[in-house]
Amino acid sequence: MPQHTWVFDAPTGVYKNHEMSMDLRMASVEDSVFMDHTRPESDYGKGKGESITITRVSNVGEPTDSTLDENVRIPEDDFTLSTRQVTVSEIGRSIPYSSLSRDLSEFDIENPIQKKLMQQMRLTIDTKASVAFKDTQIKAHTTSGTAMTFSTGGVFGGTSNTNLTIAHLELIRDYMYDDLNADPAEGNDYVGIFRTKGIRGIKSDADYEEWQKYTDPTNKFNSEQGRWESIRLIETNHANALANVGTASVLGEGVVFGSDAVVMAEAMMPELRAATPTDFGRSKAVAWYGILEFGSVWGDSANKGEANVVHVGSL
């Protein structure tokens, strides 16, 4: 015979659990990686107008023969300067709430509102930076598992039909170094930022796996991207920054860039702001706000020694 007998304290009706967890669970957000690879313009800031003009120095061509003849004037070469403007704009969003919701809620709603606004701000800025990186005349699309076509008019030359492989990275590295003469971004390395699908294509390549066995076998175990052919690989899952493109979205979009590819003009660093309460303190709001823009330094040029970003994608 049981020692305790349980009985219902209400014969009819709906039984409810009124106990609520005091922990708030936050939805996760995507990674943001692009802003870390931009260069702030130190001479620009508040009170400096709506735009900054970037001055660029083009190369002086190498002569076919530099031999001089006696009593003949030394030949002259052109020294060319060009400019590009980066115009800033206001950016921001807000979340309103009432004093009643704050006073009656069991949770502190101001902290989660601020946290979510900060995450939104980070992703928004990351997307703006990615647009500047993709503002390049050099576009590349895959044509097979080992081949790709480079276009120099700022438009993709076709539709990609395969995902990235090691062979594509090798072609990009050679194009950056030999065709563009692009300076490395970090030490001796270029930097490649790709959507997860693009990185997966590289890591699933048999050549990549074979190489990692003898260099750093823990990369595969830890899901680290590593480096290949002087390209340091970085993964992002931020869909608004880099998409899955090509036939049946087969390709993970990405960019490979060299030194000083994108600048950031910042008149006001993005920050959180609390609105002045209205309606006698009943209506409240928190917003993030800033004044900035990103710009590609050589985005209008496909010349050797100037263009330094390859955008991998598809029509």
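A salt bridge is taken here as a side-chain nitrogen of Lys or Arg within 4 Å of a carboxyl oxygen of Asp or Glu. The views show a predicted model, in which local features need pLDDT of at least 70 and side-chain atom pairs count only at pLDDT 80 or more, while totals for chains, interfaces and linings use all residues. Residues are numbered from 1 along each chain as its sequence is written, and side-chain values use heavy atoms, with hydrogens and water left out.

**View 1. Arg195, a buried residue without a salt bridge.** Arg195 lies in strand 7 (residues 190-195), where strands (E, at least two residues) and helices (H or I, at least four) are DSSP runs numbered from the N terminus. Arg195 is buried but has no salt bridge, and Glu30, the nearest side chain of opposite charge, is 5.9 Å away. For this purpose Lys and Arg count as positive and Asp and Glu as negative, with His and the chain ends not counted; buried means under 20% relative accessible area, exposed over 50%, and partly exposed in between (1.4 Å probe, protein chains only). With neighbours within four places in sequence left aside, the contacts of Arg195 include Thr236, Asn237, Leu242 and Glu253, a contact being heavy atoms within 4.5 Å.

**View 2. Helix 3 and its buried residues.** The 14 residues of helix 3 (residues 166-179) should span 20 Å at 1.5 Å a residue, and the 19 Å between its end C-alpha atoms agrees with this; the expected span is 1.5 Å times one less than the number of residues. The buried residues of the helix are Ile166, Ala167, His168, Leu169, Ile172, Tyr175 and Met176. Ile172 counts as buried because its relative accessibility is 0%, and, with neighbours within four places in sequence left aside, Ile172 is in contact with Met148, Phe150, Ile231, Val256, Val310 and Val312. The C-alpha atoms of Ile172 and Met148, 24 residues apart along the chain, are separated by 8.9 Å. Just after helix 3, Asn181 takes a positive phi of about 55 degrees.

**View 3. Aromatic rings that pair across the chain.** Rings of Phe, Tyr and Trp (its six-membered ring) pair if their centres lie within 6.5 Å, with planes under 30 degrees apart counted as stacked, over 60 as edge-to-face and the rest as tilted; the count comes to 4 aromatic pairs. Phe150 and Tyr175 form a stacked pair, at 4.1 Å centre to centre and 5 degrees between the planes, and this pair links strand 6 (residues 148-151) to helix 3 across 25 residues. The rings of Tyr208 and Trp228 have centres 6.2 Å apart and planes at 40 degrees, so this pair is tilted. Tyr208 belongs to helix 5 (residues 206-215) and Trp228 to strand 8 (residues 227-228), 20 residues apart, and both residues are buried.

**View 4. Salt bridges at Arg39, Arg84 and Arg282.** The model has a count of 12 salt bridges. Arg39 and Glu41 form one with their closest N and O atoms 3.0 Å apart, and these two residues are linked with Asp260 in a network of salt bridges. Arg39 is partly exposed at 34% relative accessibility, whereas Glu41 is buried at 15%. Arg84 pairs with Asp135 at 3.2 Å between the closest N and O atoms, joining strand 3 (residues 81-87) to the loop between helix 2 (110-133) and strand 5 (138-142). In the salt bridge of Arg282 with Asp279 the N to O distance is 2.5 Å; Arg282 is exposed at 52% and Asp279 partly exposed at 39%.
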